Amino acid sequence: MPTETAVAIRRALTARTSLIDPDHRSAFRLFNGFLEGDSTLAVDVYASTCVVHDYSDPPRPERPAVAEAIALVREALPWIQTIVLKTRNSPDADARRGAIVFGGSPDESVVEHGVVYAVDPLLNRDAGLYLDTRELRRWAVSHLRGRTVLNTFAYTGSLGVAAAVGGASHVVQLDLNRRFMAFAERSAALNGLDPSAMTLLTGDFFPSVARLKRAGRTFDCVFLDPPFFASSARGVVDLEGGSTRLINKVRPLVADGGRLVVVNNALFVSGRDFHVELEALCRDGYLAIEALVPAPSDFVGYEDTRAGTPVTDPAPFNHSTKIAILRVRRKASN
């Protein structure tokens, strides 16, 4: 008799058949247990590598549900060459980053909307490519031709790479960690981008943004996709406390008529609360909400796979990763 978890995973596999490309180079969430029947599991695919996330707390070695998930993946997707297990609540950093439990070396790149991204399924607690922002990368590819772009909190630079492949005239990637931004260089090379099309700035967000403002720099599009929480000697990022402070930091860097793309992935901030915060910022008439970008269906579950409810109501967004595109108008200079 199959367990409830096995039934839920099989249902999820069937719903995602259309996401499997013949060359097995795509990336998607295969099972989102939080919304599809088992809140202790999530399963991702990066090309021919599968990543199983075990969220059990406390973690339990050789948990039957994990073994069941791995067996189902190998049975249903025989083209999977490598399986990585990430024990998300383990006290061991290596276990959190992941261990190979089947096959050989993980894939190092994926293809999404015609763009090649460098990945590492053993990197930190993710693979260096956030699957819930796939539709935002699609937007960047199709809307930023000829534009200048600043990607703050760039991490591995996927948003900036998407913009560059889409024909942005120049992209500035800003992040504190140079090691992570090396992925942006790898992705740029994989796509045959001219190195001069992208500048990498390594530094803390707060002083780096201040320097750009002092230099009088403006951009046609600024991405603001900060981590849920981070702190440094120069400032604190706390999305649960709101996004207004960060938005106001980067507003002066957006050219008149440009766009400010804001992401808030705080699980305990409802969609309505975030939307109200944005509406308050728009009351001065110099910001306007142009569009909300949804998380892809494989991340929120399908009509016949959803079996749980979000911790907080994401509406008017469809997921706790809340993405808004704001149009910016600047005051006329005296």
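## Charges over aromatic rings

In this predicted model, Arg-137 is placed over the face of Tyr-117, and the distance to the ring centre is 5.7 Å. A second arrangement of this kind involves Arg-329, which lies over the face of Tyr-286 at 4.5 Å from the ring centre.

## The second largest pocket

Arg-329 and Tyr-286 also appear among the residues that line the second largest pocket. The other lining residues are Arg-251, Pro-252, Asp-284, Val-328, Arg-330 and Lys-331. This pocket holds about 210 Å³ of space.

Which classes of residue make up the lining of the second largest pocket? Five of the residues are charged and three are nonpolar, while no polar residue is present.

## Aromatic pairs

A pair of aromatic rings is described by how far apart the centres are and by the angle between the planes. The structure contains seven aromatic pairs. In one of them, the ring centres of Phe-34 and Tyr-55 are 4.8 Å apart and the planes stand at 70°, so the pair is edge-to-face. Phe-34 belongs to helix α2 (residues 33-36), whereas Tyr-55 is in the loop between β3 (49-54) and α3 (64-76); the pair therefore ties together parts that are 21 residues apart in sequence. Phe-34 has a relative accessibility of 38% and counts as partly exposed.

Trp-139 and Phe-223 form another edge-to-face pair, with 6.3 Å from centre to centre and 90° between the planes. This pair links distant parts of the chain, as Trp-139 lies in helix α5 (residues 134-143) and Phe-223 in strand β11 (residues 219-224), 84 residues apart. Are these two residues buried or exposed? Trp-139 is buried, because its relative accessible area is 9% and the limit for a buried residue is under 20%. Phe-223 is likewise buried, at 0% relative accessibility. Elsewhere, Tyr-130, Tyr-155 and Phe-180 form one aromatic cluster.

## The largest nonpolar core

In soluble globular proteins, nonpolar side chains tend to be buried together. The largest nonpolar core of this model has 35 residues. Trp-139 and Phe-223 are among the residues with the most contacts inside this core, together with Val-110, Leu-136, Leu-144, Val-149 and Val-261.

Several helices and strands contribute to the core. At least two residues each are supplied by the helices α5, α6 (158-165) and α7 (178-190), and by the strands β7 (115-118), β11, β14 (254-264) and β16 (322-328). Which element provides the largest share of this core? That element is α6, with five residues.

How values were computed. Residues are numbered from 1 along each chain as its sequence is written. This is a predicted model: local features need pLDDT of at least 70, side-chain atom pairs count only at pLDDT 80 or more; totals for chains, interfaces and linings use all residues. Side-chain values use heavy atoms; hydrogens and water are left out. On a 1 Å grid over the protein atoms alone, a cavity is a set of points where a 1.4 Å probe fits but cannot get out, and a pocket is an open set with protein on both sides within 12 Å along at least five of seven lines; lining residues have an atom within 4 Å of a point. Grid points are joined across faces, edges and corners, and a volume is the space filled by probe spheres set on the points. Ala, Val, Leu, Ile, Met, Phe, Trp, Tyr, Cys and Pro count as nonpolar, Asp, Glu, Lys and Arg as charged, and the others, Gly among them, as polar. Rings of Phe, Tyr and Trp (its six-membered ring) pair if their centres lie within 6.5 Å; planes under 30 degrees apart count as stacked, over 60 as edge-to-face and the rest as tilted. Helices (H or I, at least four residues) and strands (E, at least two) are DSSP runs, numbered from the N terminus. Buried means under 20% relative accessible area, exposed over 50%, partly exposed in between (1.4 Å probe, protein chains only). A charge sits over a ring if NZ of Lys or CZ of Arg is within 6 Å of the ring centre and within 35 degrees of the ring normal. A nonpolar core is a set of buried Ala, Val, Leu, Ile, Met, Phe, Trp, Tyr and Cys residues joined through side-chain atoms within 4.5 Å.
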